[in-house]
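Subject: Handing over the structure

Hello,

Here is the structure I promised to pass on. Please have a look at it first, and then read on for what turned up.

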Amino acid sequence: MKNKQILKIGITGGIGSGKTTVSKVFSVLGIPIYYADDRAKWLMENKTEVIEGISSLFGKEAYTSGKLNRSFISSKAFHNPALLEQLNAIVHPAVGKDYAEWHSSQTNVPYTLKEAALLFEAGSYKDLDKTILVLSPENLRIRRIIKRDPFRTQEDIKAILERQMKDEEKQKLADFYILNDEVHLVIPQVVKIHGELS
């Protein structure tokens, strides 16, 4: 396997689609997973140039005792598309570099999986060999989000869903999709894709 190139595969899905759960099935099959959103949070608190970029963009309130002031950043960037774009311009390239380093350190696997919420929106799918989209009906996604994030109201969730790229658009860009709708079994779908990629 040394000479064989390890493929870069992305996995994504809208909020509440269950992409993390599906990713865990791949990890049981021995596939290393890079959780881009978790790494972004880590980089925002540990990578000097990211911290400096965010601090210069949002001011000294961006961090409190070394921790990112998430509620402050959200309140500023959430309703300001230009500011959000500037924030993404700091974070996304840092995540891309971090992922590339992580991927190149992997050995003896046919592919790695990059799990990211905004794979298509951020354009990072263009650097990958293939992409997998996790699909779930909206009513089921709302139920899952309410259960997982009891602090979110139904209006909050609807607003998030409105802002995300529609599944129909994502399907045009994805190479594979997995139905996580509590009707179709997920494991056989994962095993089938795994077989095609291995």
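Let me start with a small question: does T107 count as buried or exposed? Keep in mind that this is a predicted model. T107 counts as exposed, because its relative accessibility is 51% and the exposed class begins over 50%. You will find T107 in the loop between helix 5 and strand 5. Its C-alpha atom is 9.8 Å from that of P32, although the two residues are 75 apart along the chain.

The same loop between helix 5 and strand 5 also holds N108. At 54% relative accessibility, N108 counts as exposed. Its phi is near 55°, a positive value in a residue other than glycine. For background, most residues other than glycine have a negative phi. S65 is another residue with a positive phi, near 40°, and is not a glycine. S65 sits in the loop between strand 3 (63-64) and strand 4 (67-68), and is exposed with a relative accessible area of 79%.

**Strand 5 and its partners**

From that loop, please move on to strand 5, which is mostly covered: five of its five residues are buried. Y111, L113 and E115 point one way from the strand, while T112 and K114 point the other way. Strand 1 (residues 7-12) runs parallel to strand 5, and five bridges join them. Within this pairing, G10 stands opposite K114. Strand 2 also pairs with strand 5 in the parallel sense, over three bridges. Here Y35 has E115 as its bridge partner.

**Aromatic rings**

Now for the rings. A pair of aromatic rings is described by the distance of the centres and the angle of the planes. How many aromatic pairs does the structure hold? There are five. In one of them, F26 and Y111 have ring centres 6.4 Å apart and planes at 80°, so the pair is edge-to-face; the cut-off for that class is over 60 degrees. F26 belongs to helix 1 (residues 19-28) and Y111 to strand 5 (residues 111-115), so this pair ties together parts that are 85 residues apart in sequence. F26 is buried, at 0% relative accessibility, and Y111 is buried too, with a relative accessible area of 0%.

Another pair is formed by Y34 and W102. This one is tilted, with 5.4 Å from centre to centre and 50° between the planes. Y34 lies in strand 2 (residues 33-35) and W102 in helix 5 (residues 81-104), so the pair links parts that are 68 residues apart in sequence. Y34 is buried, with 3% relative accessible area. Together with Y99, Y34 and W102 make up one aromatic cluster.

Charged side chains meet rings as well. K114, which is buried in strand 5, lies over the face of Y99, at 4.8 Å from the ring centre. Elsewhere, the charged end of R39 sits over the ring of W42, 4.3 Å from the centre of that ring.

While you are looking at helix 5, you could also find G96, which lies in that helix. G96 is partly exposed, with a relative accessible area of 30%. Between the C-alpha atoms of G96 and I73 there are 21 Å in space, and the two residues are 23 apart in sequence.

**The second largest pocket**

Last comes a pocket. Rolling a probe the size of a water molecule over the atoms shows where empty space is left. The second largest pocket holds about 220 Å³ of space. It is lined by 15 residues, and those closest to its centre are E138, R141, K166, D167 and E168. Helix 6 (138-148), helix 7 (154-163) and helix 8 (167-173) are the elements that give two or more residues to this lining.

Which helix gives the largest share of the lining of the second largest pocket? Helix 8 does, with four residues. Sorted by class, the lining has seven charged, four polar and four nonpolar residues.

I hope this helps you find your way around.

Best wishes

Note on methods
Residues numbered from 1 in each chain as written. Predicted model: local features only at pLDDT ≥ 70, side-chain atom pairs only at ≥ 80, totals over all residues. Heavy atoms only, no water. Phe/Tyr/Trp six-rings, centres within 6.5 Å; stacked < 30°, edge-to-face > 60°. Buried < 20%, exposed > 50% of the residue type's maximum accessible area, 1.4 Å probe, protein only. Lys NZ or Arg CZ within 6 Å of the ring centre and 35° of its normal. 1 Å grid on protein atoms, 1.4 Å probe; cavity = no way out; pocket = protein on both sides within 12 Å on 5 of 7 lines; lining within 4 Å. Points joined across faces, edges and corners; volume = space filled by probe spheres on them. Nonpolar A, V, L, I, M, F, W, Y, C, P; charged D, E, K, R; others polar. Pairing = 2+ DSSP bridges.
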